[in-house]
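I opened my notebook to look up a few places in this structure. Here is what I wrote down, entry by entry.

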Amino acid sequence: THSSLISTRSLLSSTLDRRRSSKEKSSDLEREREREREREKVGKERRGMDGNKDYNLSSLRSVNSHCSASEIDDYDFSKLLDKPRPLNIERKRSFDERSLSELSIGLSRGLDLETCSPGARSAFDTPASSARNSFEPHPMVSEAWDALRRSLVFFRGQPVGTIAAYDHQSEEVLNYDQVFVRDFVPSALAFLMNGEPEIVKNFLLKTLHLQGWEKRIDRFKLGEGAMPASFKVLHDPIRKTDTLIADFGESAIGRVAPVDSGFWWIILLRAYTKSTGDMSLAETDECQKGMRLILALCLSEGFDTFPTLLCADGCSMIDRRMGIYGYPIEIQALFFMALRCALTLLKHDAEGKEMVERIVKRLHALSFHMRSYFWLDFQQLNDIYRYKTEEYSHTAVNKFNVIPDSIPEWVFDFMPTRGGYFIGNVSPARMDFRWFVLGNCVAILSSLATPEQSMAIMDLIEERWEELVGEMPLKICYPAIESHEWRIVTGCDPKNTRWSYHNGGSWPVLLWMLTAACIKTGRPQIARRAIDLTESRMAKDGWPEYYDGKLGRYVGKQARKMQTWSIAGYLVAKMMLEDPSHLGMVSLEEDKQMKPVLKRSSSWTC
């Protein structure tokens, strides 16, 4: 009958659909297996090309088995990356649950080091993790790599660094055509993550060679261990020769020598060693001597009563007068990290052993001092507010004689109940309560901050997102100084007006440090949100050096376009988020011998 015919057709149709679906599933499964076999084959071939090295973290441990015992704590962090840690969403509230779920996939896939050896790249000339990840590479990634490679500087045919900015529209070149030590760090990390360590090795050796030059400003000779702020390569097309010209501060604004250059050099040497598994460069006599000279400058005894380093204004990334003279958090955090990195790199020979002993003593004193006296949270702010003054003897509660009336009004509203940070400066009768992002991020990465303090810093960033991140990451400091205070502190600096440049400007390069800190503290969703903000407009704006305005809405009034470290900072953040194993290059786990301060010194309790 007609009805039975329809029923039969319907049955046949459903049977065919089921068979078709079964075949498609089988086909998809077979294709997936084929891709997996192809990946394993490529991975084996790549490991064969690299001398049959297995680039997982356990092999790095075996390669470096001859390192000092102090390095063991450093390597323990690798174990944490073997398996993706569950993210406590209830404790670490997310701004963007969608991005968190994406990142959890990226974290688990990114940790599969077996299938991603250094040097493996996708069609976009980025690490293989990009092609393997759950989301497609952003179009900015390819553009950023092209721009980064255009900024390369060559000396006698070998790449030795990247220029500060590749801005053809600017009429004044100034010193933006030079290779700055601090500026090259994110570029170096990008190349290391992309399996191109030779550029970094050339840079380390070239700057080490410059360290040996005699350094004079007027009639005064700088310390032997001082590293240059920058160098320039002069090409003579007629004679076909290349000449290096270094700047140790004699050409800088204010004629200030860079204190941070030596620290960044040591940190980068360790990153190179961690990335390649090759200790031979660090163990050369030249590198060992270079480290000892840098550290000798910092560990020399003098009139200081604190373990922190006394510095002039303008001696770091903030290289203009901004009231950071004294004991700025950026320098103290970098100092701490450089000491810990040197501890893993120095040989235990006669000269190295003596230096190691001095480093260990300084680290203990420095960690206690910073965790106790630079740390500010709601309770500590309340304690300082209630301080008595003019106290004398070792029983004094207010050790630095800080006048409570000197606490700025803004900090009371800025400080959330949950959260905290290392303040900008502590010295006699003076506390700089400003937030400086670089110092706080480095404090997390170096484990200068305890785990609890690290989480509190992340809490603060989440609670004060509008103020510290805004519409373009990332405020270099907060808040801006203005009016009469600006005239006194900056000397009426026309470049550091309020919410511009170093005075509350937003610097995209700082994105990589935030991302690293977020991954270490288990808060990748914060980094994801910051990267999304960056991708919304930075390439369209021409990769500027910095942004102006309270929210970072406007391209800086004197910002250079095609700023290399803005480009490299984005690439490093992107690659680190996709493959968190890269974090090991710039992160140190807490030294178990330096027990964290569980509570403040009794002399600081009101």
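**Entry 1: the largest pocket**

I began with the largest pocket, which holds about 940 Å³ of space. I am working from a predicted model here.

I then looked up the lining and found 34 residues. Those nearest the pocket's centre are Leu 297, Cys 298, Leu 299, Ser 300 and Leu 309. By class, I noted 21 nonpolar, seven polar and six charged residues in the lining.

Which helix gives the most to this lining? I found that H12 does, with five residues. Helix H9 (260–276), helix H10 (285–299) and helix H12 (350–374) each supply at least two lining residues.

**Entry 2: helix H15**

Next I turned to helix H15, residues 437–446, and asked how many of its residues are buried. I got ten of ten, so to speak a clean sweep. The buried residues include Val 437, Asn 440, Cys 441 and Ser 446.

I also checked what these buried residues pack against. On the helix side I listed H11 (329–345), H16 (451–463) and H19 (511–520), and among strands E9 (420–427) and E10 (430–436). Just after H15 comes Ser 447, and I noted its positive phi, near 65°.

**Entry 3: Ile 217**

Last, I looked at Ile 217, which sits in strand E4 (residues 216–217). Is Ile 217 buried or exposed? Its relative accessible area is 17%, and the cut-off for buried is under 20%, so I put Ile 217 down as buried.

Leaving aside neighbours within four places in sequence, I found Ile 217 in contact with Leu 222, Gly 249, Glu 250 and Arg 255. I also noted that Ile 217 and Phe 248 are 31 residues apart in sequence, with their C-alpha atoms 8.6 Å apart in space.

Note on methods: Residues numbered from 1 in each chain as written. Predicted model: local features only at pLDDT ≥ 70, side-chain atom pairs only at ≥ 80, totals over all residues. Heavy atoms only, no water. Buried < 20%, exposed > 50% of the residue type's maximum accessible area, 1.4 Å probe, protein only. Helix = DSSP H or I, 4+ residues; strand = E, 2+ residues; numbered from the N terminus. Contact = heavy atoms within 4.5 Å. 1 Å grid on protein atoms, 1.4 Å probe; cavity = no way out; pocket = protein on both sides within 12 Å on 5 of 7 lines; lining within 4 Å. Points joined across faces, edges and corners; volume = space filled by probe spheres on them. Nonpolar A, V, L, I, M, F, W, Y, C, P; charged D, E, K, R; others polar.
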